[in-house]
Amino acid sequence: MSTFVKSLLEAPAPLTIGAFFVVWVLMWLPLAIPLAIVLQWRPPNVPTVAQKIPLVLSLYAIAPLLLWWTAHLTGASFSQYGFTPTASLLTSLAAGLGLGVLGVVLLFGLETGLGWIAWQP
């Protein structure tokens, strides 16, 4: 491990967090630039939804890789961050996802019932 990485790991938390986000963006740019060209998006223009979604998905798709790399550099395991693959965790994840989907369904149902939404065929 280089001395720069060691000094960064021992730096104050705001600096370490800032470096994490800088590295995240630098890792994303090789994906984002060709994707922006394919989607015909030019940065001064506001992206459309059809352009924005693939760009954001590509940004978040590399997050697990960066988190794994960060954990590897620090010598930490995901269990030290609170992520232990147990049945309890899977149950909680399923319950959270279920509540989220139920909440969205209830919200759209209420809005439809109040006439705030006109569904198109």
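Modeller: The radius of gyration is taken over C-alpha atoms, and the globule rule is 2.2 Å times the number of residues to the power 0.38. This is a predicted model, in which local features need pLDDT of at least 70, side-chain atom pairs count only at pLDDT 80 or more, and totals for chains, interfaces and linings use all residues. Residues are numbered from 1 along each chain as its sequence is written, and side-chain values use heavy atoms, without hydrogens and water.

Biologist: What radius of gyration does the protein chain have, set against a compact globule of 121 residues?

Modeller: The protein chain has 20 Å, whereas a compact globule of 121 residues would have a value near 14 Å.

Biologist: Why is the pair of F108 and W119 called tilted?

Modeller: Rings of Phe, Tyr and Trp (its six-membered ring) pair if their centres lie within 6.5 Å; planes under 30 degrees apart count as stacked, over 60 as edge-to-face and the rest as tilted. The centres of F108 and W119 are 5.9 Å apart and the planes stand at 50°, so this pair is tilted. The whole structure holds five aromatic pairs.

Biologist: What makes W119 count as exposed and F108 as partly exposed?

Modeller: Buried means under 20% relative accessible area, exposed over 50%, and partly exposed in between (1.4 Å probe, protein chains only). W119 has 57% relative accessibility, so W119 is exposed. F108 has 36%, so F108 is partly exposed.

Biologist: How many residues of the protein chain count as buried, as a percentage?

Modeller: The share is 13% of the 121 residues.
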